[in-house]
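Please open the model in your viewer and keep the selection panel at hand. The tour below moves from one selection to the next and says what is to be found at each stop.

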Amino acid sequence: MPDTRCPRCGGPLGERPARSRLTSDREVFICTTCGTEEAVREAHGQAPVPFGEWPLNT
């Protein structure tokens with residue numbers, strides 16, 4: 001069974017996870033809140049939060 005926690009924030013992944021914009025293949029699933037934050041950061045020309053700063057990847 002896949003992990004049900006968002007690797008970006010540690011919260012629940014939810015029923016309809018988003019795909020992280022951090023990778024070109026978009027194979028990393030994150031919760032919709034984090035997906036929205038990534039989209040907003042991208043729209044404002046801000047860099048994404050690096051993998052090394054994601055709580056479940058440290």
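Throughout this tour, a residue is called buried when its relative accessible area is under 20%, exposed when that area is over 50%, and partly exposed in between. Please keep in mind that the model is a predicted one.

**Helix 1**

Begin by selecting residues 32-43, which form helix 1. This helix has 12 residues and reaches 16 Å from its first C-alpha to its last, close to the 16 Å expected at 1.5 Å a residue. Within helix 1, colour Cys34, Gly35 and Glu38, which are buried. These residues cover an arc of only 105 degrees around the axis, and therefore lie on the same side of helix 1. Now turn the helix over: the face turned away from its buried side carries the exposed residues Thr33 and Ala43. To see what the buried residues of helix 1 pack against, add strand 1 (18-19) and strand 2 (29-30) to the display. Just beyond the helix, which is followed by Gly45, you can check the backbone torsion of that glycine, whose phi is positive, near 75 degrees.

**Glu38 and its polar partners**

Next, centre the view on Glu38, which lies in helix 1 and counts as buried because its relative accessibility is 5%. Which residues does Glu38 touch, leaving aside its neighbours within four places in sequence? They are Arg8, Ser20, Arg21, Leu22, Ile30 and Trp54, and several of these deserve a stop of their own.

Show the side chain of Arg8 first, where a polar contact of 3.4 Å with the side chain of Glu38 can be followed. Then move to Ser20, whose side chain is joined to that of Glu38 by a polar contact of 3.0 Å. Finally, display the backbone of Arg21, since its nitrogen lies 2.6 Å from a polar atom of the side chain of Glu38.

**Ser20**

Stay with Ser20, which is placed in the loop between strand 1 and strand 2. Is this residue buried or exposed? With a relative accessibility of 0%, Ser20 counts as buried. Apart from residues up to four places away in sequence, Ser20 touches Arg26, Val28, Ile30, Glu38 and Trp54. A distance label drawn from Ser20 to Gly35 will show their C-alpha atoms 6.2 Å apart in space, although the two are 15 residues apart in sequence.

**Arg8 and Glu37**

Return now to Arg8, in the segment before strand 1, which at 8% relative accessibility counts as buried. Its contacts, not counting residues up to four places away in sequence, are with Ile30, Cys34, Glu37, Glu38, Arg41, Val49, Trp54 and Pro55. From this list, select Glu37, which has its place in helix 1 and is partly exposed, with a relative accessible area of 37%. Outside four places in sequence, Glu37 touches Arg8 and Val49; the C-alpha atoms of Glu37 and Val49, 12 residues apart along the chain, are separated by 9.7 Å.

**Trp54 and the aromatic pair**

Select Trp54 next, in the segment after helix 1, where it is buried with a relative accessible area of 0%. Residues up to four places away in sequence aside, Trp54 touches Pro7, Arg8, Ser20, Leu22, Val28, Ile30, Glu38 and Val49. A polar atom of the Trp54 side chain lies 3.1 Å from the backbone oxygen of Val49. The C-alpha atoms of Trp54 and Gly10 are separated by 8.2 Å, with their positions 44 residues apart along the chain.

With Trp54 still selected, look for the aromatic pair, of which the structure holds 1. The rings of Phe51 and Trp54 have their centres 4.6 Å apart and their planes at 65 degrees, so the pair is edge-to-face. Phe51 is partly exposed, at a relative accessible area of 31%, whereas Trp54 is buried.

**The nonpolar core**

For the last stop, select Cys6, Leu13, Ala18, Ile30, Cys31, Cys34, Val49 and Trp54 together, the 8 residues that make up the largest nonpolar core. In soluble globular proteins, nonpolar side chains tend to be buried together. Within this set, focus on Leu13, which, leaving aside its neighbours within four places in sequence, is in contact with Asp3, Thr4, Arg5, Cys6, Phe29, Ile30 and Cys31.

Terms used
Residues numbered from 1 in each chain as written. Predicted model: local features only at pLDDT ≥ 70, side-chain atom pairs only at ≥ 80, totals over all residues. Heavy atoms only, no water. Core = buried A, V, L, I, M, F, W, Y, C linked by side-chain atoms within 4.5 Å. Buried < 20%, exposed > 50% of the residue type's maximum accessible area, 1.4 Å probe, protein only. Contact = heavy atoms within 4.5 Å. Phe/Tyr/Trp six-rings, centres within 6.5 Å; stacked < 30°, edge-to-face > 60°. Helix = DSSP H or I, 4+ residues; strand = E, 2+ residues; numbered from the N terminus. Polar contact = N/O pair within 3.5 Å; in protein donor to acceptor, adjacent residues only side chain to side chain. Expected span 1.5 Å × (residues − 1). Arc of directions from axis to C-beta.
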